[in-house]
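This report covers helix packing, aromatic pairs and burial in one protein model. The sequence and structure come first, followed by the description.

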Amino acid sequence: MSNAKRLVGTLVLLALFGGALFFALRSNEATRQIAQEQLAIASAEPLKGLIAVDVEAFFKDDRVTQVLVQSKLPVHVARVGSRDMAARIGTADQPDFFIASGVVAANMIADAARKAGKTATQTSPFHTPLVVASWEPIAKMLAANGMAKPMAPKVYGLDMEKLTQAMLAKQRWRDLKASGDYAVSRSVLVSTTDIRRSNSAAMYLALTSAAVNGDVVADRATAQKLAGQLAELFKRQGFQENYVNGAFDDYLAIGMGKTPLTFIYEAQMVAQALKGGVRPEMVLMYPQPTIVNKWVLVALNERGKRLAELLAANKTLQAVALEQGFRTGDTDAFAASAQKAGLAVDVNLQQVIDPPGFDLMFEMIDIVSREMNQ
């Protein structure tokens, strides 16, 4: 064999060996990077969070868990009443983040953080309006008495001013016009949760006070007067559940006889419909005006802020939220979700108010709570 051929052969062998070595090294580097990434994911310190009961199912969803782990933001959450969260600021078990139900509780947390010299940021990944879950015969009766009006099939607007005045006047169902389907001696009342424990009941107080006042309560004297007046709407209900889940369970299981009107989050009815658990005679009534409840993530550090950003941007997390009935920033996606569930909803809310400022709101809650304790 000539020297030239030997040289060519040698060069070919060297090229093949070099190529094999290159790909082997690259494969090893890729394997090493994957291993490092998996180690980083596995060793990520879980974020500690205190959350409202309404979002507990969201964080228990396997898809949510997977996304958070892959994003190096695993969480360990515990359920706490929203109005009890601010007391955890500055304690030994202070979490990295809170998710409170309602801006009133969230502002209370942020205020406690400020007083403790800590930085807190607030974002709202999910929201839902407060609604009244009812029944077609009840809705038609209220419409006949000028307290409601049809907005669409199985969707009604509820005149909060007229309804609140009827409740304060202690009207009974049997005394209303067209009461044939529900001519009972019970007082006309909306069933709520216990205002001493639950955010939804506080929002009911905000709505009824605005209905009587003609606008959102903005001064202390009016707040005190109306809270004392409206306390009877809570006292006359008898036993109340601590959480809105319990009130909704009564609506689903026991029916119109016990809960002709139940104050809930719209998200509960949407989630129930997506599971196929809504009966044909069930209807949604939207208070006019209503309040949109926000679930507010209050982050106390950078990783908490990253979690907030992920909840707002990740498509998988947003899809799970929609499945659980929440509204996100995508109105069209919510409308499609409700349509898939076969549930009639008011997609574009036209009449929405805010609750009073949290100082006034908590003073009103305290007044009603004292009345409840007597």
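## Helix packing, ring pairs and burial

Y204 and F234 are both buried. The model that shows this is a predicted one. Y204 belongs to helix α7 and F234 to helix α8, so their pairing ties together parts that are 30 residues apart in sequence. The two rings form an edge-to-face aromatic pair, with 5.7 Å from centre to centre and 80° between the planes.

The helices that carry these two rings also pack against each other. Helix α7 (residues 199-213) and helix α8 (residues 220-235) have axes 10 Å apart, at an angle of about 115°. The crossing of α7 and α8 is right-handed. On the α7 side, the contact is made by A201, Y204, L205, T208, S209, V212 and N213. On the α8 side, T222, L226, Q229, L230, L233 and F234 take part. By class, the contact of α7 with α8 has eight nonpolar and five polar residues, and no charged ones.

Helix α7 has a further packing partner in helix α6 (residues 160-168), with an angle of about 95° between them and axes 8 Å apart. That makes α6 roughly perpendicular to α7. From α6, the residues that meet α7 are M160, E161, T164, Q165, M167 and L168. From α7, Y204, L207, T208, A211 and V212 meet α6. Seven of the residues in the contact of α6 with α7 are nonpolar, three are polar and one is charged. Y204, T208 and V212 appear in the contact with α6 and also in the contact with α8.

Elsewhere in the chain, the axes of helix α4 (residues 103-115) and helix α14 (residues 358-373) come within 10 Å and cross at roughly 115°. α4 is therefore roughly perpendicular to α14. The crossing of α4 and α14 is left-handed. V104, N107, M108 and D111 of α4 make the contact with F358, M361 and F362 of α14. The classes in the contact of α4 with α14 are five nonpolar residues, one polar and one charged.

### Aromatic pairs

How many aromatic pairs does a search of the whole structure find? The search finds 10. W173 and Y182 form one pair that is edge-to-face, because their ring centres lie 5.5 Å apart and their planes stand at 80°. Two of the pairs are set side by side below.

| Pair | Centre to centre | Angle between planes | Arrangement |
|---|---|---|---|
| W173 and Y182 | 5.5 Å | 80° | edge-to-face |
| Y204 and F234 | 5.7 Å | 80° | edge-to-face |

W173 is buried, with a relative accessible area of 0%. Y182 counts as buried too, at 5% relative accessibility. Ring pairs also link F58, F59, F126, Y265, W295 and F326 into a cluster.

### Helix α9 and its surroundings

Why is helix α9 (residues 244-253) described as largely enclosed by the rest of the structure? Seven of its 10 residues are buried, so the description applies. The buried residues of α9 are V244, G246, A247, F248, D250, Y251 and L252. Their cover includes β4 (121-135), α7, β7 (262-265), α10 (266-274) and β8 (282-288). α7, already described as a partner of α8, is thus one of the elements that cover α9. After α9 comes G255, with a positive phi near 95°.

Q272 lies in helix α10, which is among the elements covering the buried residues of α9. Q272 counts as buried at 16% relative accessibility. Leaving aside neighbours within four places in sequence, Q272 is in contact with F248, L252, G277 and V278. F248 and L252 are among the buried residues of α9.

K258 is found in the loop between α9 and β7. Is K258 buried or partly exposed? At 37% relative accessibility, K258 counts as partly exposed. Not counting residues up to four places away in sequence, K258 touches R186, S191 and D250. D250 is one of the buried residues of α9. K258 and S191 are 67 residues apart in sequence, and their C-alpha atoms are 9.1 Å apart in space.

Methods
Residues numbered from 1 in each chain as written. Predicted model: local features only at pLDDT ≥ 70, side-chain atom pairs only at ≥ 80, totals over all residues. Heavy atoms only, no water. Axes fitted to C-alpha atoms, helices over the stretch in contact; angles between N-to-C directions. Helix = DSSP H or I, 4+ residues; strand = E, 2+ residues; numbered from the N terminus. Parallel < 35°, antiparallel > 145°, perpendicular 65-115°, else oblique. Left-handed = near helix turned anticlockwise from the far one by under 90°. Contact = heavy atoms within 4.5 Å. Nonpolar A, V, L, I, M, F, W, Y, C, P; charged D, E, K, R; others polar. Phe/Tyr/Trp six-rings, centres within 6.5 Å; stacked < 30°, edge-to-face > 60°. Buried < 20%, exposed > 50% of the residue type's maximum accessible area, 1.4 Å probe, protein only.
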